[in-house]
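Q: Got a minute to go through this one with me? I'd like to talk about rings, pockets and domains.
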Amino acid sequence: WLGLQKHFLIILRQNLQNLSTEEGEKFQQPPGKQRELGFTFSFPVMQTSINSGTIMRWTKGFSIDDAVGQDVVGELAKAMKRKGVDMRVSALVNDTVGTLAGGKYTHNDVAVAVILGTGTNAAYVERVQAIPKWHGPVPKSGEMVINMEWGNFRSSHLPLTQYDHALDTNSLNPGDQIFEKMTSGMYLGEILRRVLLRVAEEAGIFGDEVPPKLKSPFVLRTPDMSAMHHDASSDLRVVGDKLKDILEISNTSLKTRRLVIELCNIVATRGARLAAAGILGILKKMGRDTPRQGGPEKTVVAMDGGLY
């Protein structure tokens with residue numbers, strides 16, 4: 001955790017220096033006024049106030065046990081003070097909540113936000129009366145934003161395969177973030193690698209010997225899978241180049257490259273359909289899955305994330 005603080009602070013200080021250089025005098029704070037900082041933290045947090053919250057667990061391949069249970073804002077504030085960074089964190093938000101707020105600011109019909117990136121999550125606007133956990137005062141709007149942490153959703157109805165089970169077992173957080181492991185950018189490339197490995201072992205699509213690189217976990221990243229998936233060249237040159245450069249598999253036939261694209265399509269389509277099913281589930285919970293007399297004309301879903 002201390003190491004993470006150190007590296008994060010170096011990046012933060014550099015960005016602050018760049019900001020101060022670029023923003024000009026118009027945005028400079030008057031003397032004696034402390035600059036305020038909004039902190040987007042895309043990991044599960046038990047939020048205790050607008051600007052404080054304790055880390056519940058790590059996701060997306062991170063595992064820093066000493067930080068669990070710590071106030072992420074408090075730790076950042078102490079680190080900034082030690083280094084003379086005169087700023088105050090005035091708001092702690094999850095990235096889905098930030099996406100929802102930003103979307104709502106520009107489009108009044110936004111009621112749901114979804115992140116499809118390294119990880120995945122969703123947030124939506126709910127009636128306070130429908131939130132059993134809430135025991136505080138009712139907001140004037142009668143509504144509250146729910147950070148779903150849907151990446152941790154697990155159900156017997158999810159179509160888990162042997163590849164999903166193996167990936168989960170070998171992960172840093174077995175049994176957690178199952179939905180995320182089926183849909184997000186951190187894992188789709190790894191699922192494809194595991195499928196290709198089995199096909200190579202049982203059908204010999206890459207020759208008599210299984211390519212050693214194909215046995216390396218996470219060697220095939222989701223951006224590489226996406227590039228192969230979208231290869232529209234007549235000889236599928238992108239697929240051939242990726243197999244050669246990443247997995248050290250040379251001289252693949254057009255038939256083999258077509259098979260790789262088909263597997264990319266299966267993995268990507270499953271992830272997209274699961275995400276779409278999650279969005280529909282939110283809309284059904286909100287009563288907005290079908291047009292209703294007297295209800296809103298439409299519901300806009302704000303999307304963000306590198307995978308999307």
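A: Sure, rings to begin with: those of Phe, Tyr and Trp (its six-membered ring) pair if their centres lie within 6.5 Å, and planes under 30 degrees apart count as stacked, over 60 as edge-to-face and the rest as tilted. Keep in mind that this is a predicted model, where local features need pLDDT of at least 70, side-chain atom pairs count only at pLDDT 80 or more, and totals for chains, interfaces and linings use all residues. Residues are numbered from 1 along each chain as its sequence is written, and side-chain values use heavy atoms, with hydrogens and water left out.

Q: OK, so which residues do ring pairs link into a cluster?
A: F39, F41 and F43.

Q: How many aromatic pairs does the structure hold?
A: There are 5. One of them is F41 with F43, a tilted pair at 5.2 Å centre to centre with 55° between the planes.

Q: Are F41 and F43 buried or exposed?
A: Both F41 and F43 are buried (buried means under 20% relative accessible area, exposed over 50%, partly exposed in between, with a 1.4 Å probe and protein chains only).

Q: And why is the pair of W150 and F179 edge-to-face?
A: Because the planes of W150 and F179 sit at 70°, with the ring centres 5.3 Å apart. W150 is in the loop between β7 and α4 (162–169) and F179 in helix α5 (residues 178–183), so this pair ties together parts 29 residues apart in sequence. Helices (H or I, at least four residues) and strands (E, at least two) are DSSP runs, numbered from the N terminus. W150 is buried at 5% relative accessible area, and F179 is buried at 4%.

Q: Switching topic: how much space lies in the largest pocket?
A: About 1,100 Å³. A pocket here is an open set of points on a 1 Å grid over the protein atoms alone, where a 1.4 Å probe fits, with protein on both sides within 12 Å along at least five of seven lines; lining residues have an atom within 4 Å of a point.

Q: Which residues lie nearest its centre?
A: V45, Q47, V145, I146 and N147, out of 29 lining residues. β2 gives the largest share of the lining, 5 residues.

Q: What domains does the chain have?
A: The assignment, which is automatic or from a database, gives domain 1 (3–93) and domain 2 (95–307). Their C-alpha centres lie 28 Å apart. The contact (heavy atoms within 4.5 Å) takes 13 residues from domain 1 and 12 residues from domain 2. Each domain also gives at least three residues to the lining of the largest pocket.

Definitions and conventions. Grid points are joined across faces, edges and corners, and a volume is the space filled by probe spheres set on the points.
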